[in-house]
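Biologist: Hi! Could you bring up the model so we can chat through its side-chain contacts?

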Amino acid sequence: MQQSKVNALKTIVNDEFCVDVDEKTRSRDIVSAKKAFSLVLRDYKQPFSRIGRFLDKNHSTIVHYMDNIDHELKTNVEFRERVKRVGKRFKAVMAHNDHNFVKPVSREEVNKYMEYADQNKALKQTIRKLKKAEEELVERLNKATRKDSRIKDLCDMLEQRIPIGKEEEFFNKINRMMNGAATKIYDGQQAVEPMLFQNVRT
């Protein structure tokens, strides 16, 4: 496989995982990126030894990556989706002629790319936080509208019977009633005074 194709794959992996796949660390993100890189090349029948040279690793490390990757693909949804995107994007690269990928990149361009990658990673984290906040807001909204409440029927009845513009008046009435201000004692039992919907002007 041409080096230009390999470089293109590294660029794709770096973009999807927000890392530098050539970085020599054992951080989880870097290792996941290397696994994705290796898996895609294995799909294109590249031998372990060659993939190892591309990553400056020995072939036994690549074998180890592949031995454990099936479990990670099954249990880690985010990793699986990233690998799918990498494979799809690299497939498009392989469909092009090599002359589209022969230009080498300078160190300055790499640094600039990594700066953008850091920004991209921060944005993705922000998006995840916003999605979580959205889910929490939707849940609170559902509760507020009583979609899943045990008093939904009561809320529906109040919505139908309270005239528009009278919401505050009825809120105060209900509040007084619940506090016992609108109750009377009959034979030792509390009974709600039937005054809630009396004298209602629509």
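Biologist: Which backbone nitrogen does the side chain of Asn14 reach?

Modeller: The backbone nitrogen of Val21, at 2.7 Å. That fits a polar contact (a pair of N or O atoms within 3.5 Å; within protein, one must be able to donate a hydrogen and the other to accept it, and residues adjacent in sequence count only if both atoms are side-chain atoms). Bear in mind that this is a predicted model, where local features need pLDDT of at least 70, side-chain atom pairs count only at pLDDT 80 or more, and totals for chains, interfaces and linings use all residues. Residues are numbered from 1 along each chain as its sequence is written, and side-chain values use heavy atoms, with hydrogens and water left out.

Biologist: Is Asn14 buried or exposed?

Modeller: Asn14 is buried, at 8% relative accessible area. Buried means under 20%, exposed over 50%, and partly exposed in between, using a 1.4 Å probe and protein chains only.

Biologist: Where does Asn14 sit, and what is Asn14 in contact with, leaving aside neighbours within four places in sequence?

Modeller: Asn14 sits in helix 1; helices here are DSSP runs of H or I with at least four residues, strands are runs of E with at least two, and both are numbered from the N terminus. Beyond those neighbours, Asn14 is in contact (heavy atoms within 4.5 Å) with Val19, Asp20, Val21 and Tyr113.

Biologist: Switching topic, how many salt bridges does the structure hold?

Modeller: There are 11, counting a side-chain nitrogen of Lys or Arg within 4 Å of a carboxyl oxygen of Asp or Glu.

Biologist: Nice. Which residue does Arg89 pair with?

Modeller: Asp15, with the closest N and O atoms 2.7 Å apart. This pair links distant parts of the chain, 74 residues apart: Arg89 is in helix 5 (residues 77-94) and Asp15 in helix 1 (residues 3-17). Arg89 is partly exposed at 34%, and Asp15 is partly exposed at 27%. Both belong to a salt-bridge network with Glu16 and Arg85.

Biologist: And what about Glu72 and Lys35?

Modeller: Their side chains form a salt bridge, 2.9 Å from N to O. Glu72 is in helix 4 (residues 59-75) and Lys35 in helix 2 (residues 28-43), so the bridge ties together parts 37 residues apart in sequence. Glu72 is buried at 13% relative accessibility, and Lys35 is buried at 13% too.

Biologist: Last one: how are Glu78 and Arg82 placed in helix 5?

Modeller: They are four residues apart, about one helical turn, and their side chains meet in a salt bridge at 3.1 Å, N to O. Glu78 is partly exposed at 41%, whereas Arg82 is buried at 13%.
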